[in-house]
Every structure is written in C-alpha cells, then in structure tokens.
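Visitor: I have not looked at this structure before, and I would like to learn how to read it one feature at a time. Could you show it to me?

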Protein chains: 2
Amino acid sequence: MTDKGVEAATMLEIAERADVGAGTVYNYFKSKDELAIAVLENLMHDLALRIEEVTDTFEDPAQVYAFGIRTVLDTATSDLRWAQMLNRSEVIADAMFRMMGPFAIRDLRLASQAGRFEVSNAELVWRLTTHALIGASLAITTGQVPASASDQIIVRLLCMTGIGANAATELAGRPRPALKPEGKGKQPKT
Amino acid sequence: MTDKGVEAATMLEIAERADVGAGTVYNYFKSKDELAIAVLENLMHDLALRIEEVTDTFEDPAQVYAFGIRTVLDTATSDLRWAQMLNRSEVIADAMFRMMGPFAIRDLRLASQAGRFEVSNAELVWRLTTHALIGASLAITTGQVPASASDQIIVRLLCMTGIGANAATELAGRPRPALKPEGKGKQPKT
DNA sequence: TTTCAAACTTGACGATGATTCATTTTTGTT
DNA sequence: AACAAAAATGAATCATCGTCAAGTTTGAAA
C-alpha cells in the first residue's frame with residue numbers, strides 16, 4: 001500500500017508479498033480498509049514518537065507544537081510511503097487525529113496555559129489542523145501548491161491557535177533541529 | 001449519489017433513474033468519479049450563488065467571508081445531499097476550492113485590503129480552509145463533534161485569516177440573515 | 001512419543017459492479 | 001426519401017474483494 005497506493009495494491013498482491021495465501025490476510029484484518037488504517041496508524045505512531053524524542057528538550061510548548069506540525073507536513077510531502085496514502089483523506093486525517101492527538105492536544109493545552117496560544121477547545125483545533133495538514137500535503141504532492149509554500153502553510157495553521165499572524169510567522173521561522181533517523185521503534189502487534 | 005452516497009449508488013441504478021441504458025451515462029461522463037465530481041460542482045456552484053445573493057448587501061468584506069464559510073458548514077451538515085458526498089474528502093475539497101474559490105479568494109483579498117484580515121496568500125488560506133471545513137462537516141455528521149461546536153469551528157477558521165482569536169469570535173458572533181430558498185439556479189450543461 | 005482439539009492457512013469460488021463496444025436507433029441535413 | 005453523423009443500448013467483459021469448506025500446524029496433555 002505504501003508502495004503503490006491503497007487502491008492499486010490488490011489484496012492478492014499483498015498476500016503474495018507477505019508469503020501467505022489470499023485468505024490469510026483476512027484472519028488479521030477484517031477488510032482492506034482496516035488494513036489500510038492499520039498501516040496508517042503505524043506511520044503516524046512512529047512519527048509521533050520520533051517527534052517526541054526531539055521536542056523533549058524544547059522549552060516553549062508553542063514551539064513543540066509548531067515543530068510537530070511542521071514535521072508532519074515535511075514528512076507527508078517527502079516520504080513516498082506517506083504520499084501514497086494521501087488519498088482517502090478522511091481516513092488518514094482520522095488516523096492522525098487519534099494517533100498524534102494525545103501529543104498535539106497536550107501541547108496545545110500547555111501552550112495555552114503558558115499564555116502562548118489562545119485555545120479553549122484543543123481537540124477541535126487539532127481536528128481542524130489534521131484535515132488542513134493532510135489537504136496541504138496532498139496539494140503539494142499533486143503539484144497544486146509549491147513545496148516552498150510550506151512555511152506559509154505552517155504560519156496559517158499556527159494562526160488557528162489564536163495567536164496573530166505576526167506571532168505565528170515568528171514561531172514558524174525558528175530554526176528546527178533534525179529528526180533522528182527511523183528504525184528504533186517496535187512494531188505494535190495486531 | 002446524493003441519496004445514498006457515491007459508493008452505494010451503482011452506475012446501473014443511476015442509469016435506470018435517468019431512464020437510459022447502462023452505457024449511456026458514459027457518453028456524458030468518462031467515469032463514475034467524473035460524474036461524482038460533476039454532482040459536487042453543481043452543489044458547490046449553486047450554493048456559492050445563493051450566498052452571493054445575500055452577501056451582496058454586506059458592508060464589511062470580512063463579514064462576507066465569515067458568512068460564506070458559516071453557510072457552507074451549516075449546509076454541509078444539514079443538507080442530506082451534501083452529507084452523502086462527504087466521504088472522498090479530497091474530491092469534495094477540490095471541488096469546493098475551484099467552484100467557491102473565486103468568491104472566497106476575492107473576499108479574503110478585499111478584507112485584507114480593508115485592513116480587516118492579514119492574508120498574503122489568499123489562495124493558500126482558502127485551500128486550507130476548504131479542507132478544514134470538509135473535515136469539520138464530516139466530524140459533525142459522523143457525530144464525532146457536536147453540531148453546537150459550529151461557532152467555535154468558524155472562529156478557528158477565521159483565525160487563519162490572521163485576525164486574533166478575539167476579533168474572530170466577534171466576527172463569528174454577528175447575526176446572520178437567512179439564505180433564500182433554492183430553485184432559481186439553472187443547470188450548467190455538460 | 002502419541003493424540004487431539006484449537007487455531008491457523010489456503011486458494012478456488014461467488015458476488016458485485018465499473019466499463020467497453022458492436023449493434024441499433026435517432027437526429028437532422030441535403 | 002436518403003443517408004451520414006451522433007447518440008443510445010445492454011449484454012458481455014473484466015477485475016477484485018471477501019467467503020468458506022477443507023486441509024495443515026501447533027502445543028499441551030496423556
């Protein structure tokens with residue numbers, strides 16, 4: 001699925017690659033859709049942990065949030081595995097809401113308490129942000145929006161936290177450390 | 001499609017309802033997907049015109065924009081025809097971007113020039129807003145978010161225009177006139 | 001080591017539904 | 001009235017998801 005897209009990957013192909021019979025997949029996933037969701041949850045969860053690893057040392061909770069959404073955008077637009085899953089926005093947005101929500105919502109709340117953001121309903125802001133984020137990623141990978149607009153995208157998403165355009169621009173402009181390479185995470189069982 | 005959802009409506013059913021043969025539909029639309037897009041474009045276009053009709057008399061361009069996105073949200077969550085099309089978010093967001101974009105982007109620019117908004121890239125803000133709007137509508141129709149959160153949703157979407165949370169709350173709170181009933185619009189030819 | 005039930009695997013098959021296309025029908029022009 | 005172009009038709013094709021009856025493996029108890 002991450003190779004050729006959810007639609008293009010047939011269940012038979014998937015089974016063959018896994019070296020199992022066509023029906024075996026259905027012992028683990030009720031449907032093709034459920035499998036796609038599991039794949040997405042893995043991608044999301046892994047990335048959330050890798051972000052957490054870096055932002056651990058940040059002082060400003062607003063910056064933690066900003067780094068998080070920026071990294072999601074960058075990953076979704078540069079990692080081919082993500083790009084292949086970007087159709088079916090509603091499914092991927094839902095997976096992002098659930099898997100990265102605990103972190104993002106926590107950061108939104110912390111930043112609000114610190115007076116950096118002005119968010120009364122963090123869950124709602126996060127939900128809107130996931131959809132906008134996926135939409136933006138899709139627009140970039142399909143060439144409708146240049147990748148160079150990433151900064152502006154992040155600024156606008158930060159605006160949703162209630163800080164003004166200026167504060168958002170400053171926050172988005174701060175230097176960002178690099179993520180550590182992938183590979184430490186364990187596969188969750190199914 | 002607006003009755004039972006895009007997936008649930010088979011091409012045969014559609015053809016039967018239109019009183020034509022199964023193949024005839026393909027003389028007008030290359031594929032089921034293209035038909036769905038045409039349906040969406042109609043819904044979008046009609047609503048855009050109905051909104052325009054009301055906002056014609058508004059003084060404040062910011063209020064025009066606010067009324068527009070509010071009406072889209074309300075329509076998407078209460079009109080069953082819209083609700084049925086809400087899956088396939090990326091397609092509906094794209095249709096909204098294209099069909100309502102000319103109006104929305106114009107209003108964003110006007111409001112910016114008037115010093116009400118702070119938007120440098122209106123097209124981008126509109127694109128993010130369409131995705132968030134569709135996502136929010138979906139969340140409401142699936143019960144993940146209560147319809148009573150509509151106000152907050154609009155406030156947050158207005159925040160993306162760079163005005164702060166307070167100004168957004170004020171703008172979203174203004175009384176809204178009712179749309180005129182449907183039915184005046186002509187069907188665009190295909 | 002043997003036995004055996006539970007758990008797992010298998011791949012042929014059924015069902016569904018989008019799309020195609022050779023043929024027929026309609027339309028409108030000379 | 002003749003005829004070519006355009007439109008309609010629906011049976012047939014094709015692809016793929018998901019099911020299921022039958023076979024295989026596993027591991028614990030005897």
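Guide: Let us begin with DNA strand C, which in this predicted model is surrounded by 14 residues, the closest being A:V20, A:G21, A:G23, B:T10 and B:G23.

Visitor: How do the residues of the surface near DNA strand C divide by class?

Guide: One sorts such residues as nonpolar, polar or charged, with Gly counted among the polar ones. Near DNA strand C the division is 6 nonpolar, 7 polar and 1 charged.

Visitor: Which residues are the closest to DNA strand D?

Guide: They are A:G23, A:K32, B:V20, B:G21 and B:G23, out of 14 residues that surround this strand. The surface near DNA strand D is made up, by class, of 6 nonpolar, 7 polar and 1 charged residues.

Visitor: How should I read the place where chain B touches chain A?

Guide: The size of an interface is often expressed as the accessible area lost when the parts come together. One can also count residues: here 27 residues of chain B are in contact with 27 residues of chain A. On the chain B side, the elements that give two or more residues are α6 (89–113), α7 (122–141) and α8 (150–159) of chain B, and α7(B) provides the largest share, 11 residues. By class, that side has 15 nonpolar, 8 polar and 4 charged residues.

Visitor: Where in chain A does pLDDT stay under 50?

Guide: This score expresses the predictor's confidence in each residue. Chain A averages 93, with 96% of the residues scoring at least 70, but over residues 185–190 of chain A pLDDT stays under 50, and for this stretch the model has 4 contacts beyond four places in sequence.

Note on methods:
Residues are numbered from 1 along each chain as its sequence is written. Chains are lettered from A and ligands numbered from 1 in the order in which they are written. This is a predicted model: local features need pLDDT of at least 70, side-chain atom pairs count only at pLDDT 80 or more; totals for chains, interfaces and linings use all residues. A residue is near a molecule or strand if its C-beta atom, placed from the backbone, lies within 6 Å of it. pLDDT is the predictor's confidence in each residue, from 0 to 100. Two residues are in contact if their C-beta atoms, placed from the backbone, lie within 7 Å. Helices (H or I, at least four residues) and strands (E, at least two) are DSSP runs, numbered from the N terminus.
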